[in-house]
Amino acid sequence: DVSVVFGGAVIAGTRAKKVHSKSCNAFDSINFPALATIRNNQIVHYIKESCPCSYPAFYTDINPRVCLIKLIPGMDPGILDYIGEYYRAVVVESYGAGGLPFAHQRNFLDKLQTLKARGCHVVVATQAMLEGSDLGVYEVGRKAMAAYDVMQAYDMTIEAAVTKLMWLLGCSLSYDELRRRFYMPVAQDMLAGKL
(Lines give C-alpha, C1' and ligand atoms only; values in the text may rest on other atoms or scores of the structure.)
Protein backbone atom coordinates (compact mmCIF):
# COMPACT_ATOMS: atom_id res chain seq x y z
CA ASP A 1 0.00 0.00 0.00
CA VAL A 2 0.96 3.66 0.07
CA SER A 3 1.56 5.54 3.28
CA VAL A 4 1.92 9.20 4.14
CA VAL A 5 4.81 9.94 6.49
CA PHE A 6 4.58 13.43 7.91
CA GLY A 7 5.35 14.96 11.27
CA GLY A 8 6.58 11.64 12.64
CA ALA A 9 3.36 9.76 11.88
CA VAL A 10 2.97 6.94 9.35
CA ILE A 11 -0.59 7.09 8.00
CA ALA A 12 -2.30 4.64 5.63
CA GLY A 13 -2.68 6.46 2.32
CA THR A 14 -6.35 5.49 2.19
CA ARG A 15 -6.91 7.20 5.56
CA ALA A 16 -4.72 10.28 5.17
CA LYS A 17 -6.40 13.67 5.01
CA LYS A 18 -4.90 17.12 5.07
CA VAL A 19 -6.47 18.80 8.09
CA HIS A 20 -4.23 21.87 8.45
CA SER A 21 -3.07 24.11 5.61
CA LYS A 22 0.10 25.49 7.24
CA SER A 23 0.95 23.51 10.38
CA CYS A 24 3.69 20.90 10.67
CA ASN A 25 1.07 18.32 11.67
CA ALA A 26 -0.82 18.91 8.41
CA PHE A 27 -2.08 15.34 7.91
CA ASP A 28 -4.17 13.12 10.13
CA SER A 29 -5.47 9.56 9.95
CA ILE A 30 -9.27 9.56 9.60
CA ASN A 31 -11.35 6.86 11.31
CA PHE A 32 -8.27 4.65 11.68
CA PRO A 33 -5.17 4.77 13.89
CA ALA A 34 -1.74 5.71 12.56
CA LEU A 35 0.16 2.66 11.31
CA ALA A 36 3.39 3.69 13.01
CA THR A 37 5.36 6.57 14.39
CA ILE A 38 8.96 7.62 13.96
CA ARG A 39 10.85 8.14 17.22
CA ASN A 40 14.60 8.60 17.62
CA ASN A 41 15.12 7.65 13.95
CA GLN A 42 13.31 4.34 14.43
CA ILE A 43 9.94 3.18 13.15
CA VAL A 44 7.61 2.00 15.90
CA HIS A 45 4.84 -0.08 14.28
CA TYR A 46 1.36 -0.03 15.77
CA ILE A 47 -0.31 -1.99 13.00
CA LYS A 48 1.49 -4.69 11.05
CA GLU A 49 1.02 -5.27 7.34
CA SER A 50 -2.04 -7.41 6.65
CA CYS A 51 -0.31 -9.55 4.02
CA PRO A 52 3.46 -9.04 3.87
CA CYS A 53 3.85 -11.92 1.41
CA SER A 54 1.93 -10.28 -1.43
CA TYR A 55 3.46 -8.30 -4.23
CA PRO A 56 2.05 -4.95 -5.35
CA ALA A 57 -0.31 -4.90 -8.30
CA PHE A 58 -0.34 -1.89 -10.57
CA TYR A 59 -3.44 -0.73 -12.42
CA THR A 60 -3.17 1.77 -15.23
CA ASP A 61 -6.76 1.74 -16.49
CA ILE A 62 -8.31 4.38 -14.26
CA ASN A 63 -11.66 5.83 -15.32
CA PRO A 64 -11.95 9.44 -14.09
CA ARG A 65 -15.69 9.69 -14.82
CA VAL A 66 -16.51 9.98 -11.12
CA CYS A 67 -18.20 13.13 -9.84
CA LEU A 68 -18.12 14.41 -6.28
CA ILE A 69 -20.90 16.71 -5.07
CA LYS A 70 -21.37 18.27 -1.67
CA LEU A 71 -24.99 18.84 -0.73
CA ILE A 72 -25.82 22.37 0.33
CA PRO A 73 -29.17 23.77 1.47
CA GLY A 74 -31.39 24.62 -1.49
CA MET A 75 -29.39 22.58 -4.04
CA ASP A 76 -31.47 21.66 -7.09
CA PRO A 77 -31.65 17.86 -7.52
CA GLY A 78 -31.67 18.45 -11.29
CA ILE A 79 -27.89 18.49 -11.07
CA LEU A 80 -28.09 14.68 -10.92
CA ASP A 81 -29.59 14.65 -14.44
CA TYR A 82 -26.49 16.39 -15.76
CA ILE A 83 -24.16 14.17 -13.75
CA GLY A 84 -25.89 11.03 -15.04
CA GLU A 85 -25.23 12.09 -18.65
CA TYR A 86 -21.49 12.56 -18.25
CA TYR A 87 -20.34 10.44 -15.31
CA ARG A 88 -20.44 6.73 -14.50
CA ALA A 89 -20.38 7.22 -10.72
CA VAL A 90 -21.13 9.96 -8.22
CA VAL A 91 -20.14 10.36 -4.59
CA VAL A 92 -22.63 12.51 -2.69
CA GLU A 93 -21.37 14.20 0.46
CA SER A 94 -24.62 14.14 2.39
CA TYR A 95 -25.76 15.59 5.68
CA GLY A 96 -25.04 13.89 9.01
CA ALA A 97 -25.04 10.10 8.89
CA GLY A 98 -26.28 10.16 5.30
CA GLY A 99 -29.35 12.35 5.02
CA LEU A 100 -30.66 13.36 1.61
CA PRO A 101 -33.28 16.02 0.92
CA PHE A 102 -36.52 14.32 -0.14
CA ALA A 103 -39.34 16.85 0.14
CA HIS A 104 -41.15 18.70 -2.64
CA GLN A 105 -38.94 20.36 -5.29
CA ARG A 106 -35.76 19.33 -3.43
CA ASN A 107 -36.43 15.58 -3.74
CA PHE A 108 -33.10 13.88 -4.45
CA LEU A 109 -34.68 10.43 -4.14
CA ASP A 110 -36.69 10.94 -7.34
CA LYS A 111 -33.48 11.66 -9.26
CA LEU A 112 -31.76 8.53 -7.97
CA GLN A 113 -34.06 6.43 -10.18
CA THR A 114 -32.73 8.22 -13.28
CA LEU A 115 -29.14 7.51 -12.25
CA LYS A 116 -29.95 3.87 -11.54
CA ALA A 117 -31.58 3.49 -14.97
CA ARG A 118 -28.41 4.82 -16.62
CA GLY A 119 -26.22 2.38 -14.70
CA CYS A 120 -24.57 5.19 -12.76
CA HIS A 121 -23.21 4.12 -9.38
CA VAL A 122 -24.16 6.35 -6.44
CA VAL A 123 -22.18 6.34 -3.19
CA VAL A 124 -23.45 8.36 -0.26
CA ALA A 125 -20.84 9.62 2.19
CA THR A 126 -21.04 12.17 4.95
CA GLN A 127 -19.67 15.69 5.11
CA ALA A 128 -18.54 14.93 8.67
CA MET A 129 -14.88 13.96 8.74
CA LEU A 130 -15.18 11.45 11.58
CA GLU A 131 -17.31 8.36 12.25
CA GLY A 132 -18.56 7.78 8.70
CA SER A 133 -21.96 7.31 7.12
CA ASP A 134 -24.81 5.10 8.26
CA LEU A 135 -27.76 5.20 5.87
CA GLY A 136 -29.69 2.83 8.10
CA VAL A 137 -30.24 5.51 10.77
CA TYR A 138 -33.03 7.39 8.98
CA GLU A 139 -35.88 6.28 6.74
CA VAL A 140 -34.67 8.32 3.77
CA GLY A 141 -31.32 6.50 3.86
CA ARG A 142 -32.90 3.07 4.15
CA LYS A 143 -35.16 3.89 1.20
CA ALA A 144 -32.23 5.13 -0.89
CA MET A 145 -30.37 1.86 -0.36
CA ALA A 146 -33.34 -0.44 -0.87
CA ALA A 147 -35.10 1.21 -3.79
CA TYR A 148 -32.26 2.86 -5.70
CA ASP A 149 -29.17 0.66 -5.15
CA VAL A 150 -27.33 3.47 -3.40
CA MET A 151 -24.08 2.39 -1.79
CA GLN A 152 -22.50 4.07 1.19
CA ALA A 153 -18.93 4.97 2.05
CA TYR A 154 -19.20 3.92 5.70
CA ASP A 155 -15.90 5.01 7.32
CA MET A 156 -13.97 5.58 4.08
CA THR A 157 -12.54 9.01 3.39
CA ILE A 158 -14.03 10.88 0.45
CA GLU A 159 -10.67 10.66 -1.32
CA ALA A 160 -10.52 6.88 -0.89
CA ALA A 161 -14.11 6.40 -2.11
CA VAL A 162 -13.56 8.52 -5.25
CA THR A 163 -10.26 6.83 -6.07
CA LYS A 164 -11.65 3.35 -5.48
CA LEU A 165 -14.53 4.08 -7.86
CA MET A 166 -12.11 5.33 -10.54
CA TRP A 167 -10.08 2.15 -10.17
CA LEU A 168 -13.13 -0.17 -10.25
CA LEU A 169 -14.65 1.61 -13.24
CA GLY A 170 -11.35 1.11 -15.06
CA CYS A 171 -11.60 -2.64 -14.44
CA SER A 172 -14.70 -2.86 -16.71
CA LEU A 173 -16.73 -4.81 -14.18
CA SER A 174 -20.42 -5.57 -14.31
CA TYR A 175 -22.70 -3.29 -12.29
CA ASP A 176 -23.15 -5.91 -9.55
CA GLU A 177 -19.47 -6.92 -9.44
CA LEU A 178 -18.37 -3.29 -9.03
CA ARG A 179 -20.75 -2.93 -6.11
CA ARG A 180 -19.43 -6.13 -4.51
CA ARG A 181 -15.79 -5.09 -4.90
CA PHE A 182 -16.44 -1.57 -3.63
CA TYR A 183 -17.17 -3.10 -0.23
CA MET A 184 -14.02 -5.25 -0.20
CA PRO A 185 -11.41 -3.51 2.00
CA VAL A 186 -8.25 -2.45 0.18
CA ALA A 187 -5.19 -1.12 2.04
CA GLN A 188 -7.16 -0.32 5.20
CA ASP A 189 -9.65 1.89 3.31
CA MET A 190 -12.66 0.69 5.28
CA LEU A 191 -13.40 -1.12 8.50
CA ALA A 192 -17.17 -1.40 8.43
CA GLY A 193 -17.66 -3.16 5.12
CA LYS A 194 -21.11 -3.93 3.79
CA LEU A 195 -23.19 -4.99 6.76
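## Helix packing and nonpolar cores

In this predicted model, Leu109, Leu112, Gln113 and Lys116 of α2 are in contact (heavy atoms within 4.5 Å) with Val140, Lys143, Ala144, Ala147 and Tyr148 of α3. By class, this contact has six nonpolar, one polar and two charged residues. Here Ala, Val, Leu, Ile, Met, Phe, Trp, Tyr, Cys and Pro count as nonpolar, Asp, Glu, Lys and Arg as charged, and the others, Gly among them, as polar.

Residues are numbered from 1 along each chain as its sequence is written. The model is predicted, with local features needing pLDDT of at least 70 and side-chain atom pairs pLDDT 80 or more, while totals for chains, interfaces and linings use all residues; side-chain values use heavy atoms, without hydrogens and water.

| Feature of the α2 and α3 pair | Value |
|---|---|
| Residues of α2 and α3 | 108–117 and 139–148 |
| Angle between α2 and α3 | about 25° |
| Distance between the axes of α2 and α3 | 10 Å |

Axes are lines fitted to C-alpha atoms over the stretch in contact, and angles run from 0 to 180 degrees between N-to-C directions. The two helices are therefore roughly parallel (under 35 degrees).

The largest nonpolar core (buried nonpolar residues, Pro left out, joined through side-chain atoms within 4.5 Å; buried means under 20% relative accessible area, 1.4 Å probe, protein chains only) has 22 residues. Val66, Val91, Val123, Met151, Met156, Leu165 and Phe182 touch the most other members. Its largest share, nine residues, comes from α4. Another core, of 21 residues, lies apart and includes Ile83, Leu115, Ala144 and Tyr148.

Notes
Helix = DSSP H or I, 4+ residues; strand = E, 2+ residues; numbered from the N terminus. Parallel < 35°, antiparallel > 145°, perpendicular 65-115°, else oblique. Buried < 20%, exposed > 50% of the residue type's maximum accessible area, 1.4 Å probe, protein only.
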